[in-house]
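Please describe the fold, the salt bridges and a pocket of the protein shown here. A report for a first-year student is requested.

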Amino acid sequence: MEQGLVRDRATMIVWLDGILRHGAGRTDGMLFAAAHRAVLAGDEAGFAWAVERADILRASAEMGLESRAQGQAFLLAIRAAWPLDGLARWDAVIAGTGRPVAYAVAVALAASLIGVAEGPALTAYLHAFSANLVSAGVRLVPLGQTDGQRALAALDPITHRAADAALAAPLDDLGGRAMAVDWTSMIHETQYTRLFRS
């Protein structure tokens with residue numbers, strides 16, 4: 001916002017499209033799918049791989065902190081309110097990596113343990129991801145609630161395509177390519193005026 005790259009609903013949709021298809025949405029989507037598949041297959045090494053990659057594939061320290069904090073809080077809530085059969089096994093795998101679990105991997109773990117198929121689970125995850133970013137844009141730009149809803153509607157087909165692409169992408173293509181988003185994330189870490197922690 002401060003750089004003038006997002007000024008209104010139209011520029012916010014373009015910005016979020018880039019995040020979903022080329023940035024953290026893409027990376028998180030691929031790691032979500034890898035983690036979900038590993039849990040269903042009982043592949044502890046594959047799950048540990050997803051935990052490790054999700055922790056290190058962040059463009060900035062702040063984005064990494066955000067993802068780790070959300071992942072840990074999500075699993076803490078799951079353990080307290082909805083104990084899942086088999087969760088202790090995967091908690092041990094997470095502990096064995098020596099890394100905290102990222103949000104995308106934590107949600108994939110829970111979805112796989114309760115039997116939600118990877119396609120619908122990933123699509124729901126990316127819709128929530130988009131809604132969170134739109135909510136921030138509504139407050140920061142600022143936009144009205146109606147423009148926020150219009151942005152979500154415009155992002156719906158993009159979100160579905162991003163989920164389909166993440167499910168089909170080979171893991172050797174893992175990583176993002178949203179350099180302007182990464183650049184502004186790094187600037188945000190030392191920015192004077194900040195309305196949100198991340």
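The report below goes from the overall fold to single residues.

## Basis of the report

The model is predicted; local features need pLDDT of at least 70, side-chain atom pairs count only at pLDDT 80 or more, and totals for chains, interfaces and linings use all residues. Residues are numbered from 1 along each chain as its sequence is written, and side-chain values use heavy atoms, with hydrogens and water left out.

## Overall fold

The protein contains nine helices and zero strands. Here helices (H or I, at least four residues) and strands (E, at least two) are DSSP runs, numbered from the N terminus. Along the sequence the pattern reads α-α-α-α-α-α-α-α-α.

The C-alpha atoms fill a box of roughly 45 × 35 × 35 Å along the principal axes. The radius of gyration is 17 Å, which agrees with the value near 16 Å for a compact globule of 198 residues. This radius is taken over C-alpha atoms, and the globule rule is 2.2 Å times the number of residues to the power 0.38.

Of the 198 residues, 45% count as buried. Buried means under 20% relative accessible area, exposed over 50%, and partly exposed in between (1.4 Å probe, protein chains only). A contact means heavy atoms within 4.5 Å. Among contacts with a separation of 6 or more, 79% join residues 24 or more positions apart.

## Salt bridges

Side chains of opposite charge can pair when their charged atoms come close. A salt bridge is a side-chain nitrogen of Lys or Arg within 4 Å of a carboxyl oxygen of Asp or Glu. The whole structure holds eleven salt bridges. One of them joins Arg53 and Glu52, at 3.7 Å from N to O. Arg53 is partly exposed, with a relative accessible area of 27%, and Glu52 is partly exposed, at 28%.

Another salt bridge joins Arg99 and Asp55, at 2.8 Å from N to O. This pair links distant parts of the chain: Arg99 is in the loop between helix 5 (87-97) and helix 6 (103-113), while Asp55 is in helix 3 (residues 44-56), 44 residues apart. Is each partner buried or partly exposed? Arg99 counts as partly exposed, at 32% relative accessibility, whereas Asp55 is buried, with a relative accessible area of 10%. Leaving aside neighbours within four places in sequence, Asp55 is in contact with Arg68, Arg99 and Pro100.

Asp91 and Arg79 also meet in a salt bridge, at 3.0 Å from N to O. Their pairing links distant parts of the chain, with Asp91 in helix 5 and Arg79 in helix 4 (residues 61-81), twelve residues apart. Arg79 is partly exposed, at 38% relative accessibility. In addition, a network of salt bridges links Arg9, Asp147 and Arg150.

## The second largest pocket

Rolling a probe the size of a water molecule over the atoms shows where empty space is left. On a 1 Å grid over the protein atoms alone, a cavity is a set of points where a 1.4 Å probe fits but cannot get out, whereas a pocket is an open set with protein on both sides within 12 Å along at least five of seven lines; lining residues have an atom within 4 Å of a point. Grid points are joined across faces, edges and corners, and a volume is the space filled by probe spheres set on the points.

The second largest pocket encloses about 170 Å³. Its lining has 13 residues, and the closest to the centre are Thr27, Leu57, Ala59, Gly176 and Asp182. Helix 2 (24-41) and helix 9 (179-188) each supply at least two residues of the lining. The lining comprises six nonpolar, four polar and three charged residues. In this grouping, Ala, Val, Leu, Ile, Met, Phe, Trp, Tyr, Cys and Pro count as nonpolar, Asp, Glu, Lys and Arg as charged, and the others, Gly among them, as polar.

## Two buried residues of helix 2

Asp28 lies in helix 2 and is buried, with a relative accessible area of 5%. Apart from neighbours within four places in sequence, Asp28 is in contact with Arg58, Ala104, Tyr125 and Phe129.

Arg26 also has its place in helix 2 and is buried, with a relative accessible area of 9%. Outside its neighbours within four places in sequence, Arg26 has contacts that include Ile19, Ala166, Asp173 and Arg177. The C-alpha atoms of Arg26 and Leu5 are separated by 21 Å, and these residues are 21 residues apart along the chain.
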